[in-house]
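Visitor: Could you walk me through this structure, one piece at a time? I would like to see the reasoning behind each answer.

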Amino acid sequence: MAAVNTRDIILDVLTDISKNGRFLNIALHRALEAHQYLSKRDRAFISRVCEGTVERKIEIDYIINQFSTVPVSRMKPVIRNIMRSAVYQICFMGGVPAGASVNEAVMLAQSKGFYNLKGFVNGVLRSVARHAEALTYPDPSVNMMEYLSVVYSMPRWIVKYWVDEYGVDVTTLMLKSFMEERPTTVRLKTDRIDKQVILNSLKEQGVHVKRAPYLPYAYDISDYNYLPSLEAFRRGWIFPQDVSSMLVAECAGLYQGNYVIDVCAAPGGKSLHAADKMGGYGMVEARDLTEEKIALIRENVVRADLINVKPVVMDALVHDDLSEEKADVVFCDVPCSGLGVIGRKPDIKYRVTLQQIEDLAELQKRIVHNAVSYVRPGGVLMYSTCTVSRLENIDNVRYITEHYPLKLESLDPYLPPALRRLTTAEGYLQLMPGIHESDGFFVARFRKEG
């Protein structure tokens with residue numbers, strides 16, 4: 001088999017993202033799937049450079065523009081991606097020799113047919129390398145918004161949006177948190193398998209395992225090559241899921257025999273969690289919009305060997321008359337801007353707009369309208385998002401209580417002491433990256449009158 005240049009693969013991933021609009025996690029997964037024979041070290045290198053280049057794009061462009069006579073915005077797309085990934089390696093990966101990164105970038109430009117730009121690529125990157133230890137950034141005393149935007153690679157409008165909502169200090173904590181390396185958090189399926197058996201299986205495969213905060217069955221794992229290669233994953237003993245997302249089923253107060261409807265279920269984490277908490281009894285109807293999404297849920301259900309989850313293709317915006325007041329619990333984890341999970345999906349910040357947030361808030365209200373009707377009198381509605389936008393969270397909570405026969409109900413009986421605060425007694429919790437040890441997430445619990 002011919003040797004594969006890892007930087008070629010990196011360029012292919014970045015091109016897939018910029019040219020085809022592919023999400024980073026999907027483009028990277030496709031590339032690694034196509035090169036499964038690569039060593040753990042090579043796979044880790046490709047992942048880090050791709051993720052880091054996307055995550056720090058604004059800062060990288062700011063650096064390049066200090067040394068390039070051609071602004072990044074006017075560069076040819078291939079050269080732009082080559083330059084960005086090389087600058088990431090030079091400035092943010094201490095273990096990679098700067099000279100090697102420059103030389104590889106020059107050869108890559110030549111191999112892609114840009115022989116006449118070799119000198120330009122070489123000159124700019126060598127200038128960056130010479131000044132890497134003394135780069136200049138915007139002065140926060142002159143323009144705090146620009147400073148935060150560049151240093152934390154966050155679009156300026158998002159920085160202003162958060163500063164207006166939460167202030168500079170909280171916004172800075174969130175921005176710092178998003179830039180930190182995050183392990184994979186998994187939920188251990190302990191209803192039928194002893195926890196120690198699962199942990200031993202992971203450790204035997206060289207996985208580093210550490211208790212995640214807040215919940216006893218949540219663990220952070222790292223130092224593994226490929227999740228499906230882990231026996232614990234293949235046997236359905238672990239499921240990737242942030243601890244914040246686990247709080248939805250945790251706070252639902254589920255009982256054996258409950259009928260649960262999850263109106264926006266894919267990829268199924270909350271549905272499977274609910275099924276586990278009911279000990280295999282009752283039924284969770286896991287709904288989502290497309291057969292592709294339902295196939296993903298079905299795959300997870302089979303792997304978990306669950307008999308009390310029923311995946312169903314159903315549009316949450318289309319009212320289901322047969323479900324009127326049938327469910328003991330309804331999960332309404334609505335589509336949202338995703339601003340709370342930027343630390344795991346950095347390209348979200350470049351895709352979302354203020355108009356989209358406003359449109360999503362209206363879409364969420366329409367989904368809630370149907371979801372409320374499925375809750376039986378006395379039943380529970382769990383509303384959740386993976387964002388930190390008040391428009392999508394607390395504003396929608398107020399809308400729900402004003403327009404439907406639902407009352408907020410305290411989350412405190414279900415939460416660990418570390419998460420209990422004034423708002424949780426009222427019935428909702430906003431988790432903030434940098435303040436809480438989790439993704440940004442919102443959850444509210446409602447009881448239907450009757």
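Visitor: Which helix does glutamate 204 lie in, and is glutamate 204 buried or exposed?
Guide: Happy to start there, keeping in mind that this is a predicted model. Glutamate 204 lies in helix α10. Exposed means over 50% relative accessible area. Glutamate 204 has a relative accessible area of 68%, so the answer is exposed.

Visitor: How far apart in space are glutamate 204 and glutamate 231, C-alpha to C-alpha?
Guide: In sequence, 27 residues separate glutamate 204 from glutamate 231. In space, their C-alpha to C-alpha distance is 9.9 Å.

Visitor: What do the buried residues of α10 line?
Guide: The buried residues of α10, a helix of residues 195–204, are Ile198, Leu199, Ser201 and Leu202. Seen down the helix axis, these buried residues fall within an arc of 155°, so what they line is one face of the helix. As general background, an α-helix has 3.6 residues a turn, so residues three or four places apart point the same way. For α10, then, the answer is one face of the helix.

Visitor: What covers the buried residues of α10?
Guide: The residues to be covered are Ile198, Leu199, Ser201 and Leu202. Their cover includes both strands and a helix: α11, β1 (184–188), β2 (208–211), β3 and β4 (238–240).

Visitor: Which residue has a side-chain oxygen that reaches the backbone nitrogen of glutamine 196 at the start of α10?
Guide: Look at the start of the helix, where the backbone nitrogen of glutamine 196 has a side-chain oxygen within 3.0 Å. That oxygen belongs to aspartate 194.

Visitor: And which glycine follows α10?
Guide: The residue to look for has a positive phi, near 80°. It is glycine 206.

Visitor: What is the phi of aspartate 223, and where does aspartate 223 lie?
Guide: Most residues other than glycine have a negative phi, and that is the background to keep in mind. Aspartate 223 lies in the loop between β3 (218–222) and α11 (231–234), and is partly exposed at 47% relative accessible area. Although aspartate 223 is not a glycine, its phi is positive, about 65°.

Visitor: What is the phi of glutamate 325?
Guide: Glutamate 325 sits in the loop between β7 (309–313) and β8 (327–333). Its relative accessibility is 42%, so it counts as partly exposed. Glutamate 325 is not a glycine, yet its phi is positive, about 50°.

Visitor: Is the peptide bond from alanine 266 to proline 267 cis or trans?
Guide: Proline 267 is found in the loop between β5 (259–262) and α13 (269–277). Most peptide bonds are trans. The bond from alanine 266 to proline 267 has omega near 5°, and is cis.

Note on methods:
Residues numbered from 1 in each chain as written. Predicted model: local features only at pLDDT ≥ 70, side-chain atom pairs only at ≥ 80, totals over all residues. Heavy atoms only, no water. Helix = DSSP H or I, 4+ residues; strand = E, 2+ residues; numbered from the N terminus. Buried < 20%, exposed > 50% of the residue type's maximum accessible area, 1.4 Å probe, protein only. Arc of directions from axis to C-beta. Contact = heavy atoms within 4.5 Å. Polar contact = N/O pair within 3.5 Å; in protein donor to acceptor, adjacent residues only side chain to side chain.
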